[in-house]
Amino acid sequence: MLSDGLSSKDCQTRRFWYNAADPTPQAAVHRAACLFVFFDTTNIQENTRMKKIPLTIRGAELLKSELQQLKSVARPEVIAAIAEARSHGDLSENAEYEAAKERQGFIEGRIAEIEHKLSHAHVINPAEIHAEGKVVFGATLDLEDLDSGEHVRYQIVGEDEADIKAGKISVGSPIARALIGKEEGDVAEVQAPGGVREYEIVAVEYV
């Protein structure tokens, strides 16, 4: 049973309670509760099909740091905000209460998501990879765009660590999926918004 007497079954069957088009305060509260259910059950149940979630050492540390911040700072802050909003009286017209409850749903959902990832993590030190020049998770690649001649350098990392500006691409991205399993000298075809692009793998490093 969730807050305000809402069960997880309600989130699946009584859709009018959390429909984004429903402007009522009660619907806003229930949307926040259902956000937690969505992250804590639906997504996690689907993700458990993956026995292990690959993370680099840096990626695991980033998640641990975020989890610590959410638990020690964000969660207490939103609990205090909800208590403060409740003290103002009538909740039916209390925008601060609605906003705080919705934020609480996002925070609790993210906490559940991170805890799941860390509990199922396979932490990889790229420097200890011995893949004989093959592209695998954690590898750093020098690529040449055969259309433009541009050279780029990417490391394949987990989705939470991905930052294209820093040269880190998610293992689930189209370019990473096209590259994994190939070797130095191979050409990978990547489906991009502007059409298919070809990248030659110039070098593969494990650093």
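I take strands to be DSSP runs of E at least two residues long, numbered from the N terminus, and by that reading Arg153 has its place in strand 4, which covers residues 151-157. I keep in mind throughout that this is a predicted model.

**Entry 1: the whole chain**

I began with the overall layout and found that the secondary structure of the chain comes to 5 helices and 7 strands. Reading from the N terminus, I noted the order of elements as α-α-β-α-α-β-β-β-β-α-β-β. I then looked up burial, and buried residues make up 39% of the 207 residues in the chain. For the surface, I recorded that the chain exposes about 11800 Å², with carbon and sulfur atoms supplying 51% of that area. I also checked how contacts spread along the sequence: of those between residues at least 6 apart, 57% join residues at least 24 apart.

**Entry 2: helix 3**

I turned next to helix 3, which takes in residues 57-86, has 30 residues and reaches 42 Å from its first C-alpha to its last, close to the 44 Å expected at 1.5 Å a residue. I found a bend of about 40° in helix 3 at Leu70, and Leu70 is also one of the buried residues of this helix, along with Gly59, Ala60, Leu63, Leu67, Ala74, Val78, Ile82 and Ala85. I set beside this list the rule that an α-helix has 3.6 residues a turn, so residues three or four places apart point the same way. Looking for what covers the buried residues of helix 3, I found that they pack against strand 1 (53-56), helix 4 (95-119) and strand 2 (121-124).

**Entry 3: strand 3 and its partners**

I followed strand 3 to both of its listed partners. With strand 4 it runs antiparallel, joined by 5 bridges, and the two strands form a hairpin with 5 residues between them, where Gly149 in the turn has a positive phi of about 80°. With strand 7 (residues 195-205) strand 3 also runs antiparallel, here joined by 6 bridges, and I noted Leu143 standing opposite Ile201 in strand 7.

**Entry 4: Thr140 and Arg153**

I looked up Thr140, which lies in strand 3 (residues 140-145) and stands opposite Gln155 in strand 4. Thr140 counts as buried because its relative accessible area is 7%, under the 20% cut-off. Beyond its neighbours within four places in sequence, Thr140 is in contact with residues that include Arg153, Tyr154, Ala203 and Glu205.

Is Arg153 buried, partly exposed or exposed? I found Arg153 partly exposed, with a relative accessible area of 40%. Its contacts, leaving aside neighbours within four places in sequence, are Thr140, Leu141, Asp142, Gly167 and Glu205. Two of these partners are worth their own notes: the side chains of Arg153 and Asp142 are joined by a polar contact of 2.9 Å, and the side chain of Arg153 makes another polar contact, of 3.0 Å, with the side chain of Glu205. I also looked up the separation of Arg153 from Val202, which is 49 residues in sequence and 9.8 Å in space, C-alpha to C-alpha.

**Entry 5: Glu132**

I closed with Glu132, which sits in the loop between strand 2 and strand 3. Its phi is near 55°, a positive value in a residue other than glycine, and I noted against this that most residues other than glycine have a negative phi. Glu132 is exposed, with a relative accessible area of 77%.

Key:
Residues are numbered from 1 along each chain as its sequence is written. This is a predicted model: local features need pLDDT of at least 70, side-chain atom pairs count only at pLDDT 80 or more; totals for chains, interfaces and linings use all residues. Side-chain values use heavy atoms; hydrogens and water are left out. Helices (H or I, at least four residues) and strands (E, at least two) are DSSP runs, numbered from the N terminus. Buried means under 20% relative accessible area, exposed over 50%, partly exposed in between (1.4 Å probe, protein chains only). Contact means heavy atoms within 4.5 Å. A polar contact is a pair of N or O atoms within 3.5 Å; within protein, one must be able to donate a hydrogen and the other to accept it, and residues adjacent in sequence count only if both atoms are side-chain atoms. The expected span of a helix is 1.5 Å times one less than its number of residues. The bend at a residue is the angle between axes fitted to the seven residues ending there and the seven starting there. Two strands pair if DSSP finds at least two bridges between them. Accessible areas come from the Shrake-Rupley method with a 1.4 Å probe; for residues, only the protein chains shown count as cover.
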